[in-house]
Structure formats: structure tokens, C-alpha cells
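Work through the exercises below with the sequence and the model open. Try each task before you read its solution.

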Amino acid sequence: MTSDERIDIHKDLSGSLKSNLDVHLKKIIALFKLIVCDHKIDDLEKMIHYHSYENCEITHMLNAILESRVKSIDDKKDKIIEFEELHKRLHNLQEKVIIEYKNNETVNENTYEDFSVVEFQFIQKLTALVIESENYEKNFDGLTNIFNRKYFFEKVEYDFSKARRTRTDFTIVMADIDYFKLINDKYGHQVGDKVLIEISKLFVEHIRAYDIVARYGGEEFVFFIYSDARETVTIFKRIEKLLREEVVNINNHKIELKCSFGIAQDRNELSIYELVSLADKALYEAKKQGRNQMVVV
């Protein structure tokens with residue numbers, strides 16, 4: 001999935017969430033008005049149906065979202081599922097509030113408190129999802145159109161925790177374009193920018209859809225690869241071979257692309273930041289040994 005496709009998905013998601021937030025707030029205001037203004041409930045079944053989970057616009061929206069392209073974005077899918085569970089709980093409490101008010105002409109203090117807390121959490125999570133989706137475009141590097149360093153750590157925090165929890169193998173890889181300064185000095189920064197764009201495309205095309213690559217800074221890239229070190233080496237050997245075969249023609253300049261790689265296998269006692277630092281040290285060692293190679297630690 002390209003970055004443009006991901007951005008489009010999040011724009012659609014943001015629009016759907018915002019419109020349904022308005023509908024939800026109107027229903028909640030109507031419910032509060034009923035109780036605070038001491039209105040009578042003539043038809044309890046009709047009232048319960050109106051506020052039911054099955055009849056809720058947000059339920060229909062969430063089901064549609066989970067069947068859409070969002071299901072291919074793991075962290076977003078999990079957040080929607082978590083949000084949906086809170087949504088169900090809110091409707092159960094809503095029904096309890098309505099029945100108590102109908103039967104007793106008042107609502108038990110504990111029931112109201114439970115409902116208010118869950119309603120607050122629901123609005124908080126829904127608003128956070130809207131803001132996150134609206135800001136998604138800011139997660140990409142402006143030049144290469146891959147994830148930026150800041151978002152890499154935000155995104156990988158989720159993947160890192162999930163991999164540790166499920167005992168899934170992963171590795172961190174740091175990559176650096178060899179002799180990039182010489183390219184800039186010899187051909188100019190515009191050519192250097194095009195080299196960054198081309199190599200970013202190659203990385204995106206030749207890692208798997210569920211792996212992550214981001215521009216770390218300058219000519220450095222960072223990867224989160226869902227494999228052990230052995231399989232990760234196989235993936236990057238293939239990328240190395242492609243780089244050796246790749247001669248980029250930019251402004252009539254034929255430029256060979258070469259990279260050094262540092263690979264760090266997960267170690268349970270290390271944080272994600274410590275693993276990235278370890279991969280960076282391995283990258284430094286690859287550079288020290290002559291560049292255009294990989295070092296595994």
C-alpha cells in the first residue's frame with residue numbers, strides 16, 4: 001500500500017468519524033434533556049430501540065470501516081476494535097439509565113456515574129481518532145514520501161509492544177547511502193534529493209507490506225522487520241543485489257547506488273530506542289569495514 005493510499009484512507013476515516021461524532025452528541029444531549037427536564041417516557045421500547053447499539057449510526061460506520069481498506073492497517077484496525085468495545089459498553093449503560101428513569105423517575109447515582117465515565121472515555125477516544133486521522137499526512141517525510149523519524153517511533157511503539165507480547169521475531173535495520181556526500185558535492189543537492197527518492201522507492205517496493213521503513217535523517221533509513229536476523233539478512237541481501245544492479249540516470253548522470261546496513265536482532269531486555277542504537281552501531285561497523293556491506297549484532 002502506497003503512502004498516498006494510506007493518506008486517502010485516513011482522510012475518509014476522519015470525515016466519517018467527525019460526522020458521526022455530531023450525530024452521537026445530539027443523541028446524548030436529547031437523553032440528558034429527557035432526564036434533566038423530567039420528561040415522561042411514553043414508549044420505553046421505542047426509546048430503547050432509538051438509543052440501541054444495533055440502531056446506532058456509529059455501529060454501522062465502524063462495521064463499514066472494519067470491512068474497508070482500514071483492515072489492512074493493523075494499528076488502526078486494532079484501535080477501531082478497541083473503540084468498538086467501549087462503544088458497546090456505553091450502549092449497555094445507556095439502556096440501564098433509560099430503564100431506571102422510566103421505572104423510578106430517577107437514575108441511581110452509581111449508574112449515572114458509570115455512564116458518565118464511559119461517555120467521557122468514548123468522546124475522548126473518538127476525538128483522538130479524528131485528530132490522528134487528520135494529522136496522518138504529517139507522518140511522512142516531505143521529500144521521499146515514506147514515514148519520518150518521529151512517526152517511526154510512534155508507529156513502532158505499537159508494533160514493538162505487540163511483537164513482544166505475542167513473542168513474534170523482529171529486527172531493527174539501519175541503512176546509510178554510501179558516499180552520499182560525494183554525490184551531493186559532485187552533482188549537486190537536486191541530484192542528491194533524487195537519489196534519496198529513488199532509493200526510498202526501492203526500499204518500499206522490496207520489503208513486505210507489514211514491515212516498516214522510515215527516513216531517519218539525511219541519508220539514513222531505519223526499518224522494523226518482522227523476521228529473525230537470518231531471514232532479515234536474506235531480505236537485505238536481495239536488496240543489496242538490486243542496488244548493485246541499479247544504475248540511476250539523473251540529469252544525464254549515471255549514479256550507482258550502494259548502501260551499508262546494520263542489523264540488530266530483538267533482545268528482550270532492550271527498549272526500542274536501545275535496539276535502534278544497537279543497529280546504528282552495527283551500521284557504523286559496516287562503514288568502518290569498507291561500506292557496501294551489512295553487519296549483524
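**Ground rules and overall shape**

The chain has 10 helices and 8 strands. Helices (H or I, at least four residues) and strands (E, at least two) are DSSP runs, numbered from the N terminus. This is a predicted model, where local features need pLDDT of at least 70, side-chain atom pairs count only at pLDDT 80 or more, and totals for chains, interfaces and linings use all residues. Residues are numbered from 1 along each chain as its sequence is written, and side-chain values use heavy atoms, with hydrogens and water left out.

**Exercise 1.** Set the radius of gyration of the chain against that of a compact globule of 297 residues.

*Solution.*
- Start with the rule: 2.2 Å times the number of residues to the power 0.38, with the radius taken over C-alpha atoms.
- For 297 residues, a compact globule would come out near 19 Å. The chain has 26 Å.
- Then look at the spans. The C-alpha trace covers about 80 × 45 × 25 Å along its principal axes.
- Add burial: 46% of the 297 residues count as buried. Buried means under 20% relative accessible area, exposed over 50%, partly exposed in between (1.4 Å probe, protein chains only).
- Finish with contacts, meaning heavy atoms within 4.5 Å. Take those between residues at least 6 apart in sequence: 71% join residues at least 24 apart.

**Exercise 2.** Give the strand order of the open sheet and find its edges.

*Solution.*
- Two strands pair if DSSP finds at least two bridges between them.
- Read the order across the sheet: β1-β3-β4-β2-β7-β8, 6 strands with mixed pairing.
- The edges are β1 (147–148) and β8 (294–296), each of which pairs on one side only.
- Strands of a sheet pair through backbone hydrogen bonds, either parallel or antiparallel.

**Exercise 3.** Describe the partners and the cover of strand β2.

*Solution.*
- Take β4 (residues 220–225). It runs antiparallel to β2 (residues 171–177), and 6 bridges join the two.
- Check the register. Thr171 has Ile225 as its bridge partner in β4. Val173 has Phe223.
- Turn to β7 (residues 259–265). It pairs with β2 over 7 bridges, again in the antiparallel sense. Here Ile177 stands opposite Cys259.
- Now count the cover: 7 of the 7 residues of β2 are buried.
- Sort them by face. Thr171, Val173, Ala175 and Ile177 lie on one side. Ile172, Met174 and Asp176 lie on the other. Both faces are covered.

**Exercise 4.** Are Met47 and His51 buried or exposed, and what do they touch?

*Solution.*
- Place Met47: it sits in helix α2 (residues 44–50).
- Met47 counts as buried because its relative accessible area is 18%.
- Leave aside neighbours within four places in sequence. Met47 is then in contact with Leu34, Ile41 and Ile98.
- Compare sequence and space. Met47 and Ile99 are 52 residues apart in sequence, yet 9.5 Å apart C-alpha to C-alpha.
- Place His51: it lies in the loop between α2 and α3 (57–66).
- His51 is buried because its relative accessibility is 3%.
- Not counting residues up to four places away in sequence, His51 touches Lys27, Leu31, His91, Gln94 and Ile98.
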